[in-house]
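Grab your viewer and work through the exercises below. Try each one yourself before reading the solution under it.

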Amino acid sequence: MPTVHLLDYVAGNVRSLVNAINKVGYDVEWVRSPSDLKDVETLILPGVGHFGHCLSQLSSGGYLEPIRQHIASGKPFMGICVGIQALFEGSEEDANVPGLGVVPVKMQKFNAKTKSVPHIGWNSATNTRISSSGGQSFYGLNPSSKYYYVHSYAALYEPGVLERDGWLVATAKYGEETFIGAIARDNIFATQFHPEKSGQAGLRTLRAFLNGDKLQTLASDDSTRTEEKNGLTRRIIACLDVRTNDAGDLVVTKGDQYDVREKDGADAGGQVRNLGKPVDMAKKYYEQGADEVTFLNITSFRNCPVADLPMLEILRRTSETVFVPLTIGGGIRDTVDTDGTHIPALDVATMYFKSGADKVSIGSDAVIAAEEFYEAGEVLSGKTAIETISKAYGNQAVVVSVDPKRVYVTKPEDTTHHTIETKHPNAAGQTFCWYQCTIKGGRETRDLDVCQLVKAVEVMGAGEILLNCIDKDGSNSGFDLELINLVKAAITIPVIASSGAGVPKHFEEVFEQTTTDAALGAGMFHRGEYTVGDVKNYLGSKDFLVRRFESDI
């Protein structure tokens, strides 16, 4: 196969990018030193995380000038995520670190007063020169497609400015702000979105760039631009609880309020509920149009060397065929290996990222970290898993999984915690409640409410909240809308609604009655009662903007 070179400078999950490049027919070689660049024909600069950290890494490694020379030579160059940001003059994320200055624009942080930040999800990349009567797109971008973005800083778009300098520009809109999603000029192509995580639409752009297929003519119906087609879609996430069953096999399971064993009976015998194989089910949900796939490791895989954890192999195999974001949760903590070696949470997370994960999810340890944060007078230690991982890989790489349960009280004064007046009183007629945090899969409660927890982890650097609800788990009765609205009002980072989905209408309710950023389903998908496509078709019929699965490239 023809070869493309990647420059890896601790850029997060690059395995998926390698898999995507292989998928479109190219081999990958790594740039190991600045001197390697003189012999490179096609160079891709990927990256996630902090602008200043990434540019400083490139600078200290001696890569900046060789990259400039490669671009100036006219050889093909592609930047992805922080790779596009590196082309700009600089970023508000770190004003003291300059970019390459190829594009005379500075990155700015999204307005967090009007929307969730980071901007996470599937959005547009529409060529500014396309008209409703048809036109040309570049490198396979299509205005009817959606692409996966995850970033807090963006190059805000000023009409005509870059185009006058010969740049082709594709934009997306997030709330009231329009930003640059992709640019191209001469030998340069760069995307703020992740093509390797953008399904078939992303693979199409990679193939077009690597094949040198810069301009394509679109049919008039493809180039029609309407407000309905542009903007951030509603994310539908498929979640797979993974554990070993009694025979030692890895299976996808689903519990009733976290009890994953079948009820005792003639046929069941109290065995772990087996709903399928993790890799096969992840691929199935990808092909149904899932916007993300989340694996939650709900067993500890004891007596297993950290480097050989079963979830690492699941991620490696899944990332070969699933080109949407993958999140892994469970066991992301400081740990001791079987040989007695202490392994920091950051190193555990790094293993997952190298195996194909895009985000890691932290549960019980986040609760303990929040308690310590408040005990220290709301002072950060700098040593928690959330802080160390987000500092290295960016806050968008850290999800905190929250497992609260309702505690009813007669009146708000009966507790020091954040209460709500609920529309769903308990059997005793109490109409006030607060949401108590739990750990260890809901088996242990803590004297911490959900608002305290999410506020603390946002300060620590978490980029997203996976909001479960023990009272709703396995109920198929719909999401806890009151809980979701409570949490959304407390923080600015995105929230994924989880627990309780049983029918497509529940997704309509959560998107209509809350400002949640995404919604997650599990049992209803695993049991085959509904597909991800069924949910998206239903939402589409109700005029919600959703991403449609595109056919193979």
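**Exercise 1.** Find Tyr149 and work out whether it is buried or exposed, then find which rings it pairs with.

*Solution.* Start with accessibility: Tyr149 has a relative accessible area of 0%, so it is buried (buried means under 20% relative accessible area, exposed over 50%, partly exposed in between, with a 1.4 Å probe and protein chains only). Before going on, note that this is a predicted model, where local features need pLDDT of at least 70, side-chain atom pairs count only at pLDDT 80 or more, and totals for chains, interfaces and linings use all residues. Residues are numbered from 1 along each chain as its sequence is written, and side-chain values use heavy atoms, with hydrogens and water left out.

Next, the rings. A pair of aromatic rings is described by the distance of the centres and the angle of the planes. Here Phe, Tyr and Trp rings (for Trp, the six-membered one) pair if their centres lie within 6.5 Å; planes under 30 degrees apart count as stacked, over 60 as edge-to-face and the rest as tilted. The whole structure holds 17 aromatic pairs. One of them is Tyr149 with Phe179, edge-to-face at 5.4 Å centre to centre and 85° between the planes. Tyr149 sits in strand β10 (residues 147-151) and Phe179 in strand β13 (residues 177-185), so this pair ties together parts 30 residues apart in sequence. (Helices, H or I with at least four residues, and strands, E with at least two, are DSSP runs numbered from the N terminus.) Phe179 is buried too, at 0% relative accessibility.

Tyr149 also makes an edge-to-face pair with Phe193: 5.7 Å between centres, 75° between planes. That pair links β10 to the loop between β14 (188-191) and α5, 44 residues apart, and Phe193 is buried as well.

Finally, zoom out: ring pairs join Phe110, Tyr147, Tyr149, Tyr174, Phe179 and Phe193 into a cluster.

**Exercise 2.** Which charged side chains sit over the rings of Tyr174 and Trp122?

*Solution.* The test first: NZ of Lys or CZ of Arg must be within 6 Å of the ring centre and within 35 degrees of the ring normal. For Tyr174, the charged end of Lys115 does the job, 5.4 Å from the ring centre. For Trp122, it's Arg547, at 3.8 Å from the ring centre.

**Exercise 3.** Place Thr514 and list what its side chain reaches.

*Solution.* Location: Thr514 is in the loop between α13 (504-513) and β30 (518-521). With a relative accessible area of 6%, Thr514 is buried.

Now the polar contacts (N or O atoms within 3.5 Å; within protein, one must be able to donate a hydrogen and the other to accept it, and residues adjacent in sequence count only if both atoms are side-chain atoms). A polar atom of the Thr514 side chain lies 2.6 Å from the backbone oxygen of Val510. The side chain also reaches the backbone nitrogen of Thr516 at 3.1 Å.

Last step: leaving aside neighbours within four places in sequence, Thr514 is in contact (heavy atoms within 4.5 Å) with Leu481, Ile484, Asn485 and Glu509.

**Exercise 4.** What does helix α1 (residues 15-23) pack against, and which of its residues are buried?

*Solution.* The buried ones are Ser16, Leu17, Val18, Asn19, Ala20 and Ile21. The buried residues of α1 pack against β1 (3-7), β2 (27-31), β3 (43-45), β4 (77-80) and α5 (199-211). After the helix comes Gly25, with a positive phi near 100°.

**Exercise 5.** Check the backbone at Cys81, Lys440 and Pro118.

*Solution.* Take phi first. Cys81 isn't a glycine, yet its phi is positive, near 60°. Cys81 falls in the loop between β4 and α4 (82-85) and is buried, with a relative accessible area of 3%. Lys440 also has a positive phi, about 55°, in the loop between β26 (432-439) and β27 (444-449). Lys440 counts as partly exposed, at 46% relative accessibility.

Then omega: the peptide bond joining Val117 and Pro118 is cis, with omega about 15°. Pro118 lies in the loop between β6 and β7 (119-123).
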